[in-house]
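This report looks at the strand arrangement, the nonpolar core and the charged pairs of one protein chain. The sequence and the structure are shown first.

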Amino acid sequence: MAGESKVKVEMKVGDLVRIRMPRGAEYPEVIGVVTNLTHFHRRRIGVAWMDGDGSIDQEPYSSLEVISEAR
């Protein structure tokens, strides 16, 4: 689309991610696995969080941090 900048996403399916938290935030860290990039055009990436509910959430990629890359 005209006027939109191209964004390079350095995440891929299978990467382990966590939510970027502000410095000093006191939230429990939950790790997730990137499951899909199908909503990337909406700036979202599918993540299966390991918090026990089994759902895949479409998270804004700008709020995610890769902690271990898939091979």
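The text below describes the sheet, then the core, then the salt bridges.

The model is a predicted one, and its strands S4-S3-S2-S1-S5 form, in that order, an open sheet of five strands with antiparallel pairing. Strand S4 (56–60) and strand S5 (64–68) stand at the edges with a single partner strand each, so one side of each has no neighbour in the sheet. Direction ignored, neighbouring strands of this sheet are turned against each other by 50 degrees on average. Strand S1 (residues 16–19) pairs with S5 in the antiparallel sense over four bridges, and the bridge partner of isoleucine 19 in S5 is leucine 64.

Leucine 64 also belongs to the largest nonpolar core, which has eight residues in all: Met11, Val17, Val34, Ile45, Val47, Trp49, Tyr61 and Leu64. Strand S3 (residues 44–49) supplies the largest share of this core, three residues. When residues up to four places away in sequence are not counted, the contacts of leucine 64 include Met11, Val17, Ile45, Val47 and Trp49, and among them are also Arg18 and Glu59.

Arginine 18 has its place in strand S1 and, on the same basis of counting, touches Glu29, Val30, Trp49, Ser63, Leu64, Glu65 and Ile67. Its C-alpha atom is separated by 6.2 Å from that of glycine 32, although the two residues are 14 residues apart along the chain.

How many salt bridges does a search of the whole structure find? The search finds three salt bridges, and they are set out here with the separation of the closest N and O atoms.

| Salt bridge | Closest N and O atoms |
|---|---|
| Aspartate 15 and lysine 12 | 3.7 Å |
| Lysine 12 and glutamate 69 | 3.8 Å |
| Glutamate 65 and arginine 18 | 3.2 Å |

Lys12, Asp15 and Glu69 are linked in a network of salt bridges. Within this network, aspartate 15 counts as buried at 0% relative accessibility, lysine 12 as partly exposed at 35%, and glutamate 69 as exposed at 57%. Because lysine 12 lies in the segment before S1 and glutamate 69 in the segment after S5, the pair ties together parts that are 57 residues apart in sequence.

Glutamate 65 lies in strand S5 and arginine 18 in strand S1, so this pair ties together parts that are 47 residues apart in sequence. Glutamate 65 counts as partly exposed at 28% relative accessibility, and arginine 18 counts as partly exposed at 25%.

Key
Residues numbered from 1 in each chain as written. Predicted model: local features only at pLDDT ≥ 70, side-chain atom pairs only at ≥ 80, totals over all residues. Heavy atoms only, no water. Pairing = 2+ DSSP bridges. Helix = DSSP H or I, 4+ residues; strand = E, 2+ residues; numbered from the N terminus. Axes fitted to C-alpha atoms, helices over the stretch in contact; angles between N-to-C directions. Core = buried A, V, L, I, M, F, W, Y, C linked by side-chain atoms within 4.5 Å. Buried < 20%, exposed > 50% of the residue type's maximum accessible area, 1.4 Å probe, protein only. Contact = heavy atoms within 4.5 Å. Salt bridge = Lys/Arg side-chain N within 4 Å of Asp/Glu carboxyl O.
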